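Dear colleague,

I am passing on the structure below, together with some notes on what I found when going through it. Please read the notes with the coordinates open beside them.

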Amino acid sequence: MTETATCQNCGASIDRADNFCPECGLRAAHQPDAISGISASTSTPREGKSLFIQGFPWIFGIVQVIFLGWLLLSKNYADKSCSYGEDCARMSSGALFIIVALWVIVDAILVAVYLHRKKARSSANTANPRWIVNRYFSAIKAHDHTRAWQLGGKNLMGDSYDSYADALSKVSDLTVTIYSIDGDEVTLRYDARLTDGAHQKFAGTYVVRDGAIVEARPATE
C-alpha cells in the first residue's frame, strides 16, 4: 500500500513518492511532520500561508520607512531657494503632493489585497475538516489547552474547561493516524500516552462543523 502524507498548504493527500502536491504544487520536501511520533499515513500541517501573506507586513513596513525618508529629504530640498542665481532643478510642492497622493492610493490597494487574501486563506483553512482535526491534535501536543478547547474539546468532553485542561496536561505523547475524509467526517485513530504510563485510545470518526469538532463517533465492530 502506498504511504501518503497531508499537504501543509491545502490539505490534499500526497503519495510519499511524489515530489509535489497534486493540488497546489507545494514541494513535498518542504512538508515535515509537525507532531513527533505521528503515523506516516498522515501529518499535521502548519497553518498554511502563502509567501505574500507571510512577507507582506515586513516588506510593506520597510518600503514605507524608505519612502518617508525620501519624502522628507525631497520636501527639504523643494523648500530651499537657489542661491546666487544658480539653476537648481528643484521638485515643486505640487509634484510632491501628487506623488504622495498616488503612493497613498497604491498603499490602500495593496493593503486591501493583503487583507482579502488573508481572509480567504483563513476561511479555506477553517472550512477544511482535516485541517481542523490536525490543529486540534497539534494544540494537544503543544499543551495549548485553550486552543484545543476552542477547536472542539468543549464538545468532546462535557466537563468544565478546568477539568479538560487537567486531563490534557497528563498527555505525554500522542500518535494520530487519519484514514479518510468524507465531507465533514474524519475517520481516524489516536493513541495518547499519559504521564502515568497508561494509554488512552480512540478509533472512529470526528465530525467537524463551523471550524470545530462537534462530535466523536467510536468505530463499531
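Strand β5, which covers residues 199-209, is joined to β6 by 6 bridges, and the two strands run antiparallel. One residue of this pairing can be picked out by name: tyrosine 206 has alanine 216 in β6 as its bridge partner. Please keep in mind throughout that this is a predicted model.

The two strands belong to an open sheet of 4 strands, in which the order is β3-β4-β5-β6 and the pairing is antiparallel. Because β3 (171-182) and β6 (212-218) each have a single partner strand, they stand at the edges of the sheet, and one side of each is left without a neighbour there. On average, and with direction ignored, neighbouring strands of this sheet are turned by 30° against each other. Across β5 and β6 lies helix α4, formed by residues 145-156, which runs at about 40° to β6.

A separate point concerns helix α1 (residues 51-79), which contains phenylalanine 67. Is this phenylalanine 67 buried or exposed? Its relative accessible area is 10%, and since buried means under 20%, phenylalanine 67 counts as buried. If its neighbours within four places in sequence are left aside, phenylalanine 67 is in contact with Ile99, Val100 and Trp103. For one of these, valine 100, the C-alpha atom is separated from that of phenylalanine 67 by 9.5 Å, with the two residues 33 residues apart along the chain.

With best regards

Terms used:
Residues numbered from 1 in each chain as written. Predicted model: local features only at pLDDT ≥ 70, side-chain atom pairs only at ≥ 80, totals over all residues. Heavy atoms only, no water. Pairing = 2+ DSSP bridges. Axes fitted to C-alpha atoms, helices over the stretch in contact; angles between N-to-C directions. Contact = heavy atoms within 4.5 Å. Buried < 20%, exposed > 50% of the residue type's maximum accessible area, 1.4 Å probe, protein only.
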